[in-house]
Structures are given as C-alpha cells and as structure tokens.
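Here's a quick briefing for anyone meeting this structure for the first time. Take a look at the model, then read on for two spots to find in it.

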Amino acid sequence: MSLNPPDEEFGPDRTKAATPERMAHIDMDMFKANVVMLRELVAPAGVMLAVKANGYGHGMIPMAWAALQAGAESLAVLDIPAALELRAAGVTAPVFAWMHDPDADFSAAADADIDLGISAIWQLDAIAAAGSRIAPRVHLKIDTGLSRNGATAADWPDLVRAAMAADAAGSVTLYAAWSHLADASPADDAVALAKFHEAVDVAKALGATFSKLHIAASSAGIRMPEARLDFVRFGIAAYGISPFDDATGRDLDLGPVMTLSARVASVKRVPPGQGVSYGYLHRTEQESSLALVPLGYADGIPRFATGKARVMLNGKQYPIAGRIAMDQFVIDVGDDPVSPGDHVIIFSQGWLGEPTAEDWASFAGTIGDEIVARIGHRVVRRYIGVGHDIDTGLWEPGYNC
Ligand SMILES: *Cc1c(COP(=O)(O)O)cnc(C)c1O
C-alpha cells in the first residue's frame, strides 16, 4: 500500500484558480517607479537593491528583474543559496551575499561569480580551499556598532591583511569595504560612519585599496546624504514602505507595492450576544452577519493585532472581530450586505482609506518590513504592471523596457 495518495486527492491546483481566495497583488510599475525615484535621489551614488527574504515577501526573482529594469546596478540577498537561485534564473548582474554558514558552498558561489560579504578570516580560507578558478569579489565588513556581522576594530587589521594575501594568491579579488548602520539615532549613525571611514583609513595604511565603499540602507540612503558613498543598498523603501517612524511611505513619495486581499469564505447570520472566535473576545451587540476570511497568522496576519486591526470590505472599513486565528478571522458587518466571494482588502495603498502595511505595523507594534516579509506561501502572488506576466511577474517576451 502506498502512503502517497494520487495527485488528484490533493484536489484542484488552487494556485491556478481564476480568483485565488488569498491574494497578494504586486504592483510592478509602482516598484519600478520607487526604484527610479530612489536612484535619482542618491545619484551619483548607485543602487544595490535588496531582494532578500523572497523579495521582502513579494517574490525574489520577479523583483530582481524589475529592479534591474528600473536601473539598479546590483542585487543583495542574504546568502549563497539565494544568490545561486538568481543565477539559475538567468540574472547576470552583480549579486551580493553576506551571511555564510561554515558549510556554505563557496565553490559554487565563486563559480557563479557571486560577490561575497566577508566578516572573518575563516571565510577567506574557505574560499581559498574551495579552489574555484574564479576569484570572487569580496567586500570586507567592519562592524561599526550594530554588533552583528563584521570585524571588530580589533580584528579588522588582521582581516584586511588576510584579504590582501588572498588577493595576491589569486583566491579572491579584494573589491569593497562596507558596513551596516543601526538606525539608532542620527548621532549614533554619524559615529558609525566616522568609524567606517577610520577603518577604511586603517586598511589603506596597510596597503589595501577598495573599488567601492558602502554603508547605507534605506534610512541613511534617504536622510543621510554623506553616507551614500559609492552605492546605497535599498530594501524596504523600494517596496513602498517607510524606514522611518515619523514619516509614511506616502510622505516620502513612495508607493506601496503589495496589496493583500482575500475572499469571504462564508457568511452567517447570528443572534445578539454571540461569541466570536477563540476566547470570545468579541460578542455581537445585535443580530449580525459574520463574514469569515480565510487568512490567519500562518499567512502572516499578526495575531498580536487582535483588537486593533481593521480591514476593508465592499468599500467600508470594519474592525476584525475577536481573535485572529491560524487560518482565519471574522468580520462582524452588522446588517450590511455581504456574500461569500466578496473581496476583503487587508492592506493596500491607502488611497480609499483602507489600511496600509504601515498601518498594520502599528496595529501589531512592529515595522512594515515584518508585515510584508511574513506573508506566507498560501497567499498567491499576482503581478500587475505593463509587460509583466500576471502569474510569474516575469517580463513577457515582446515587450521592450
Ligand atoms: C536588509 C539589508 C539592507 C536593506 O535594508 P532596508 O532597511 O530594507 O533598506 C541593506 N543592507 C543589509 C546588510 C541588509 O541586511
């Protein structure tokens, strides 16, 4: 007896349904407009576009192509496997990856010409041991205060010397020096930038030369012009979400790229005093219609937003009634009309007053980055934008950019 049921027992392929029950619309034109705006803002500095974490939940491969179309010069992902996925998809632009496991496949990374962020000597040794015929470009990272990756000031001179030796031996190409800011305060970031320049000076005194220097992500890229250096590693701003607490994306002329929606799965009429969802945190005040929405925390809807979040249904805003569960939540629409299949907007661009991802961040006490990055795989991505295939987001042959 086989434990693997035949395929048809899984039912129809729901990702192919005409109107998926859970959907993230990704607005490619908006994304490209954001990238162009950010490019113009920081020019003559260049733009490296971060498509890590599945393109902040938007889909890594389509966002990578769109970023390059919009003039980004290079792409940033977390690690070598993600960089190799971009290469497998045909991306030939520079791809930068900086988080490496001791068992990371440096040989594949070198063969695929991936730019590597380097924080420790063992990483240089591992690249040399991998013995690729291509000497990958390395970007040496100095820790300027964030206390994550990067060499401390104490370890920096040894890392620089090791990189120069590896470069001379032909196992790496010493290319850049970089760091990452803590966004703690303008004063803290100014201290970190000064530490960065000091580290670069130390390296130069040791005889190192760097083709590129980079430190800024979205926040410093927008508000700290002196940190733009050779290029800015933009992430969240390109997806239309502000990196700041005191300004929305709209304030910055950025447009939200993702719209999250779902279709009402069922509707029922209930009497007054009816408890709703786990713990009965909500009870109906009157005879009411309850609409069930098939999105929950497994899809990235934060349970912590229970009691605060609102959504839009048929042009009207409603609070989510009671607990957000793993797979679903409920809206109490009172006597308003609602039918199964109606569209519920969880977040969008905010033009009709519906919540944005930034609003959801405040419902859940987090940042918009976390809201979009956690949207799960049950949510079907649909890409809108002239020339983009609706299912894959890829550029359709026949269109010229
Ligand atoms: C995520 C990340 C970025 C992009 O940051 P945003 O704040 O999203 O612009 C840039 N550099 C590094 C090292 C990162 O981890």
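Start with Ser132, which sits in the loop between helix 6 (121-130) and strand 6 (137-141). Keep in mind that this is a predicted model. After the serine, we'll move on to how helix 7 and helix 8 pack.

**Ser132 and its surroundings**

- Ser132 has a relative accessibility of 18%, so it counts as buried, the cut-off being under 20%.
- Its side chain makes a polar contact with the side chain of Asp111, at 2.7 Å.
- The Ser132 side chain also reaches the backbone nitrogen of Ile134, this time at 3.0 Å.
- If you skip the neighbours within four places in sequence, the residues in contact with Ser132 are Ser107, Ala110 and Asp111.
- Asp111 therefore turns up twice here: it is in that contact list, and its side chain is the one paired with the Ser132 side chain at 2.7 Å.

**Helix 7 against helix 8**

- Helix 7 covers residues 156-169 and helix 8 covers residues 186-205; their axes lie 10 Å apart, and the packing angle is about 45°.
- That angle makes helix 7 oblique to helix 8.
- As for handedness, the two helices, 7 and 8, cross in a right-handed way.
- On the helix 7 side, the contact is made by Trp156, Pro157 and Val160.
- Helix 8 brings Ala199, Val202 and Ala203 to the contact.
- Sorted by class, the contact of helix 7 with helix 8 has 6 nonpolar residues, with no polar and no charged ones.

How values were computed:
Residues numbered from 1 in each chain as written. Predicted model: local features only at pLDDT ≥ 70, side-chain atom pairs only at ≥ 80, totals over all residues. Heavy atoms only, no water. Helix = DSSP H or I, 4+ residues; strand = E, 2+ residues; numbered from the N terminus. Buried < 20%, exposed > 50% of the residue type's maximum accessible area, 1.4 Å probe, protein only. Polar contact = N/O pair within 3.5 Å; in protein donor to acceptor, adjacent residues only side chain to side chain. Contact = heavy atoms within 4.5 Å. Axes fitted to C-alpha atoms, helices over the stretch in contact; angles between N-to-C directions. Parallel < 35°, antiparallel > 145°, perpendicular 65-115°, else oblique. Left-handed = near helix turned anticlockwise from the far one by under 90°. Nonpolar A, V, L, I, M, F, W, Y, C, P; charged D, E, K, R; others polar.
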